[in-house]
Amino acid sequence: MAQDIQALRVEAKKARVIPVMVLDDLSVARPLAQALVEGGLNVLEVTLRTPNALKIMAEMANVKGAIVGSGTVRNFEHMQQSVDAGCQFMVSPGASITLLESAQDVAIPLLPGVASPSEAMTAAEMGYSFLKFFPAEAMGGADVLKSFASPFPDLAFCPTGGISPENAATYLGLSNVVCVGGSWVVPADLIEQKDFAAIEQLARQATLLGR
Ligand code: 3PG
C-alpha cells in the first residue's frame, strides 16, 4: 500500500520501473494490469488524457497487488477524481505553486514534475522530496540528474520521458534515482492486439534492467 510518499518510494524502488499508460479501452484495463503485476511491475501510472482514464484507473485499482496512480494531474479537480477512482498516488508533469499547495489537502501523495534546479528547490521548500524529472531525456538526461545529487542530497527522482531499455540502466545506477517511468513496456500495438502475454514478458525484462 502506498498511503504516503515514503511507502510509495519503497514500492517504486522495489519495482524500479513505472509503466506510464495512455489508455481509452476499458476492456483492456484488468488484463493489462494483471499482466504488468504478474511480470513484476506493480506500480502503475494511468494518465488523465483520455475520456475513460478514470474508469480504467478504478478497474486497475481492483487488481490484486496493483498500486495505481493517476498521471498528467494538473489541478485540484484531477486530484479529487484520482482519489475517487481509487488511486494511491498522483503524478504531475510540472510543479506549479497552486498544484503543490492543492496536493497538501489530498489524501494520496503527489509526485510533482520538475526539470530544473529552481523547480526542484520550490518543490523541496514545500515539503516534496520525491520528484519526477520530466521530460528526462529532452531536458538533458542522466547527466542532469547526476548533477542534482550533490546540491540536493535530500531529493530523489523518478525520471520519465524518453526512457527506454537502452538508457534505463544508466538512470537506475544514479544514487538519487528511485525508479524510472516509461511507456515502452505498454506499446500501443500490443495493447491493440490484446497481447498481454507479450506485455507481461516486457514487464519481466524491465525488472531486470540495471541489475
Ligand atoms: C508521458 O508523458 O507520456 C510519459 O512521460 C512517458 O513518456 P515516454 O512515452 O517517453 O516513456
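**A guided look at two sheets and a core**

Visitor: What makes the six strands one sheet, and in what order do they lie?

Guide: In this predicted model, the six strands form an open sheet in the order β5-β4-β3-β2-β1-β9, and their pairing is parallel. Strands count as paired when there are at least two bridges between them.

Visitor: Why are β5 and β9 called edge strands?

Guide: Because each of them pairs on one side only, β5 (110–111) and β9 (180–182) are the edge strands.

Visitor: How do you know that β2 and β3 pair?

Guide: The cut-off is at least two bridges. Strand β2 (residues 43–47) and strand β3 (residues 67–71) have five bridges, in the parallel sense, so they count as paired. Along the way, L44 stands opposite V68 in β3.

Visitor: Which strands does helix α1 touch?

Guide: Helix α1 (residues 5–15) packs on the sheet and touches β1 (17–21), β2, β3, β4 (89–91) and β5. The direction of α1 makes about 105 degrees with that of β2.

Visitor: Why is α2 called oblique to α3?

Guide: Start with the angle: α2 and helix α3 (residues 53–61) pack at about 50 degrees, with their axes 8 Å apart. That makes α2 oblique to α3, because angles under 35 degrees count as roughly parallel and 65 to 115 as roughly perpendicular. The crossing of α2 past α3 is right-handed.

Visitor: Which residues make the contact between α2 and α3?

Guide: On the α2 side they are A29, R30, L32 and A33, and on the α3 side I56, E59 and M60.

Visitor: Which residues touch the most other members of the largest nonpolar core?

Guide: That core has 62 residues, and M21, L32, M60, V180 and W184 touch the most other members. Helix α2 (residues 29–38) gives the largest share of this core, five residues. A second, separate core has 14 residues, including V43, A156, C158 and V178.

Visitor: What is M21 in contact with, leaving aside its neighbours within four places in sequence?

Guide: M21 is in contact with L32, L36, L44, E45, V46, T47, M60 and V186.

Visitor: What is the order of the strands in the open sheet of three?

Guide: The order is β6-β7-β8, with parallel pairing. Here the edge strands are β6 (113–114) and β8 (156–159), each pairing on one side only.

Visitor: How do you know that β6 and β7 pair?

Guide: The cut-off is at least two bridges. β6 and strand β7 (residues 130–133) have two bridges, in the parallel sense, so they count as paired. Within this pair, V114 stands opposite F133 in β7.

Definitions and conventions:
Residues are numbered from 1 along each chain as its sequence is written. This is a predicted model: local features need pLDDT of at least 70, side-chain atom pairs count only at pLDDT 80 or more; totals for chains, interfaces and linings use all residues. Side-chain values use heavy atoms; hydrogens and water are left out. A nonpolar core is a set of buried Ala, Val, Leu, Ile, Met, Phe, Trp, Tyr and Cys residues joined through side-chain atoms within 4.5 Å. Buried means under 20% relative accessible area, exposed over 50%, partly exposed in between (1.4 Å probe, protein chains only). Helices (H or I, at least four residues) and strands (E, at least two) are DSSP runs, numbered from the N terminus. Contact means heavy atoms within 4.5 Å. Axes are lines fitted to C-alpha atoms, for helices over the stretch in contact, and angles run from 0 to 180 degrees between N-to-C directions. Angles under 35 degrees count as roughly parallel, over 145 as roughly antiparallel, 65 to 115 as roughly perpendicular and the rest as oblique. A crossing is left-handed if the near helix is turned anticlockwise from the far one by less than a right angle, and right-handed if clockwise.
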